[in-house]
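Trainee: I'm new to this one, so could you walk me through it?
Mentor: Sure, have a look and ask away.

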Amino acid sequence: MNKIFPQGDAEDNAAARTKAGPRGEGAQLCVTPANSTGFLCHDGRSCIPAHGVCDGVRTCPHGEDEDQSLCRDVPQSLPSFLVAHCGNPASWIYSDQKCDGINNCGDCSDELSPVTSCPLCGPGWWRCSSTVFRYCSCIPKNLCRDHVQHCSDWSDEFSCPGPE
Ligand SMILES: [Ca+2]
Ligand SMILES: [Ca+2]
């Protein structure tokens with residue numbers, strides 16, 4: 001996995017290690033209130049979603065999710081628990097974007113086999129082949145019965161019971 005992304009030259013990496021410590025040092029995994037992979041802030045209490053790390057917004061109370069050592073060279077500088085890979089090895093996503101119903105990889109490889117095996121659509125989602133690029137095999141039920149086709153088989157308009 002570490003071989004997928006080109007690494008800087010050895011000297012650069014050695015310098016980075018001396019200054020910033022090894023990749024993701026001290027970063028702690030946690031589970032967010034929404035039950036997805038998160039990053040534990042230094043207060044030991046705030047668990048922020050993986051995709052909130054190095055997004056340019058200080059999400060932790062003290063902003064350590066935007067720390068230079070963490071964000072200097074994403075995704076390499078991120079702890080591995082925050083990163084997942086797409087079918088195309090040049091693309092990556094945050095680990096909490098896997099199986100969240102949204103097509104983050106662009107080719108649905110974060111939502112569909114053979115790259116990713118996700119549980120069936122969760123509550124609030126309807127299973128079909130989506131016609132909308134944003135979704136893959138599950139569409140939010142609030143798109144059911146809205147007189148707009150979202151499933152290739154039209155099941156969102158004819159079979160889906162509608163929003164809950
Ligand atoms: Ca952030
Ligand atoms: Ca996704």
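Trainee: Which residues does UniProt list for "domain: LDLRAD1-like C-terminal"?
Mentor: The name comes from an unreviewed UniProt entry; positions follow the numbering used here, feature names are shortened, and annotations may be inferred rather than shown by experiment. Residues are numbered from 1 along each chain as its sequence is written, with chains lettered from A and ligands numbered from 1 in written order. This is a predicted model, where local features need pLDDT of at least 70, side-chain atom pairs count only at pLDDT 80 or more, and totals for chains, interfaces and linings use all residues. The listed span is residues 119–158.

Trainee: How far apart are the end C-alpha atoms of residues 119–158?
Mentor: Helices (H or I, at least four residues) and strands (E, at least two) are DSSP runs, numbered from the N terminus. This span is 10% helix and 15% strand. Its end C-alpha atoms are separated by 24 Å.

Trainee: In what order do the 3 strands form the open sheet?
Mentor: Two strands pair if DSSP finds at least two bridges between them, and here the pairing is antiparallel. β1 (29–31) and β3 (47–49) are the edges, each pairing on one side only. So the order is β1-β2-β3.

Trainee: What is the bridge partner of G38 in β3?
Mentor: β2 (residues 37–40) and β3 pair over 3 antiparallel bridges. For G38, the β3 partner is P49.

Trainee: Is G56 buried or exposed?
Mentor: G56 sits in the loop between β3 and α2 (68–71). Counting other C-beta atoms (placed from the backbone) within 10 Å, 20 or more is buried, 12 or fewer exposed, in between partly exposed. G56 has 7, so it's exposed.
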